[in-house]
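Biologist: I should be grateful for a close look at one part of this model, namely the place where two domains of a chain meet. Please explain it in a form that a first-year student can follow.

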Amino acid sequence: MNARQETASPRPWLMDQLRETALDWLYVGKALLAIFIGGWLAMRMDLQQPATTMMTVALVMHPASGMVLAKSFYRAMGTLVGCGVAIALVGLFPQQRELLLVGMALWIGLCAAGASLYRNFMSYGFVLSGYTVAIVVLPVVQHPLGLFDSAVMRVSEVMLGILVAGLVGDVLFPQRLRMALRQQLADQYSGFLAFVRGSLGGVLAREALEEAHMRFVGETIQVENLRSSVVFEDAGVRAHSPRLRQLNQHFMEVSTSYQTLHHLMNRMHAPHHRDTRDRLRQLCVFTATALQGDCQPSPEAAARLSLALQQTERVLPGKIREQRQGLTSHRELLDFDTGAELLGRCLQELRAYVQAYAVLRRPGVATAAEKEVVFQHGNDRLGALVSGVRATATMLVMGSFWILSGWVHGGSAMMLATIFTGLFASAPNPSAVVRQITLGFATGMPLVFLCQFLVLTHMDGFGLMVAGTVPFLLTGLYLTTRPTLAGYGTGYVLSFIYLLNLHSPMTFDPVYVANEAISQIGGVLAVAVAFSLFGNASSNGWLRHRLLRQLRYQVARACEAPLNGLRHRLESATRDLFMQIMVHAGPRARDWLPWALSVHETGRAVVELRRRYIALPLAEQAAVAAVLEAFARLYRGDAGKQDVAHQSALLALDTAMVTVTDRPALRQLHLLRLALLDNGSVLVATPTPNFHSHQEEAPHAP
Amino acid sequence: MPREIAVLDALVPSLLLVFVFSLLLQWAVDWVGGRYGLYRYVWHPPLFRVAVFFCCFGGLGLLAMQ
């Protein structure tokens, strides 16, 4: 039987491979079709540079139609804004080339800085509105009166490209991004439920928690990214977009609470805690029974599961009272109550998550509560400033070189350098990307020579021109579908289209092509230099540390910011920041994971504590305020140098725990105190050496 | 309708305005379709979207250019 299974398995594998290959070639075919339709229309309409239209198509084309539409939308926005600013800038400095250059450089820096505060294609729109100015202004810098025509041309060419790319991408055999989102949500759902089911009544060491947390953060961000693109593709998803946000929010909340619960159980490893821990474990085992049912990621199964969870939620208080009997000492009762409340919160949030998943595709309007949910990105302002300065400096240096040296084609070099410094400002490891792009440019150039002067000179008419260029473009476009060669392929396609500069009637000028080629290579090399001088967080440890600092600072924000909607902002911003750390630091991000966990746990407890704050009497309020202040100071301080702040936070907590009588607030304070005293946490500067072995000996459940 | 209209003293083809208006119209139809889940009854939603747009633009354009 085994043998039969083995012979049966290669066929699906082969089919999958063939399917993937077919999809790649379908994309290549669509891209080629769109590029040439765009080029043909641009020539028919007598636009100055059909190459811009073709380049636009090549840039926004993507296998998934949602991506094409999203990128197109932001490209259109960026182009319009950029053209407006170009007209304003030339209007301000029509006669002064130097001032114009400085103005442009500042604007581009501003846009590059803005780009790093946003994600995905919104960031692309910012970059574009920056460099469009350069593209519009440079050709007419000697005769400013032609500016308006240049701007109109640029807008027409880009819009034409966008229309063609959008039509071909969306109508002709579209690959739906919606399906990818649905699959992602289903994976997230079943993965999380399986994780909870497997661990709720069982052992979970800190490492396993950290591993799971990293996965969940990645999934959360991916869902948010997909959502932001799918809304362009599908009106149905757009109408449900608040619901998707809400679902993701519930996912974040329940994963934080669940992780806190495990930390709490792990902390009760001392012998005198054993009794309390066993009782809590009983409750966990009871709760886990609700999850034994059908956990399939279908709406019907989710609705059933949500009912089962609701039932458990109703029974849980009785079970808690049952287990609570027999506990006498104040300390034990507090431990138990804290754990029981946390378990109740987990259950409630899990039910909310499952319910949100069940109603996701049900028709209907988003409720007001769903509309309130926001996904906030966390940013390091200084990192943004660095990318702004990088873009401005690159442009100024290249521009001065161009003006001082009198290099005729220096403008192209400057433009290309500006474009790429903006585009890759927040890419992971930009130096590697730039290296690939440079290689792509270097490959594209000789091929342009070959194509233009040996092939196209023999071709007459549009049809033959297409036949002459397709083989070259085909290779490049196929390379862009290979994950490891995407940068190389992009560089190759861009340089090919840009240098070939198809227009009608075609002119053949080898000297011009050679000069352009040299200036392009110069531009790309300048980008490489710019990134090696001012790297982003991938190569600059200091910027990475700033991100970590920003992450810790989220707790201070939880202590001080207005409470309205704070929980949503906190959960999303901490995850977004950690995702940035993961993107830039790669495997090294693991070292910083304890901080992320600690920030999630403490931040959430602080928010819960503050929600009780208003209900407290004045004297207790003062004590809680002191705790909040101490925690804000603790997380604001430098990592590794927080001994004093740690002591004072502990002191404030002890004082507050004596003063406060309100039970829910007391439980949150207790949670904070346990987190502060946990030897495994990063907050304790010198962990006891035998801690890990101790933890493994005494897991909180068999 | 004249062939060109002065918008802020720049001559703009009036068809362009019709185009932009049709885009808005199509967007509204799309919103209604998504909001009430009408696309479930459509075989190829993107094609439908494009067709709606061309109907709007074609009809309005012909009307405007009469």
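**Where two domains meet**

Modeller: In this predicted model, the centres of domain 2 of chain A and domain 3 of chain A, taken over C-alpha atoms, are separated by 21 Å. To this contact, domain 2 of chain A contributes 23 residues and domain 3 of chain A contributes 24 residues. On the side of domain 2 of chain A that touches domain 3 of chain A, the elements giving two or more residues are helix H9 (206-233), helix H11 (241-267) and helix H14 (330-358) of chain A. The largest share of that side comes from H11(A), which provides 10 residues. Sorted by class, the side of domain 2 of chain A that touches domain 3 of chain A holds 7 nonpolar, 10 polar and 6 charged residues.

It helps to place these domains along the chain. The domain assignment gives domain 1 of chain A as 23-175 + 378-533, domain 2 as 178-233 + 241-365 and domain 3 as 541-697.

A further contact may be set beside this one, namely that between the chains. Here 10 residues of chain A are in contact with 10 residues of chain B. On the side of chain A that touches chain B, helix H7 (147-171) and helix H10 (235-239) of chain A each supply at least two residues. The largest share of this side, 4 residues, is given by H10(A). By class, the side of chain A that touches chain B consists of 6 nonpolar, 2 polar and 2 charged residues.

Conventions. Residues numbered from 1 in each chain as written. Chains lettered and ligands numbered in written order. Predicted model: local features only at pLDDT ≥ 70, side-chain atom pairs only at ≥ 80, totals over all residues. Contact = placed C-beta atoms within 7 Å. Nonpolar A, V, L, I, M, F, W, Y, C, P; charged D, E, K, R; others polar. Domains from an automatic or database assignment.
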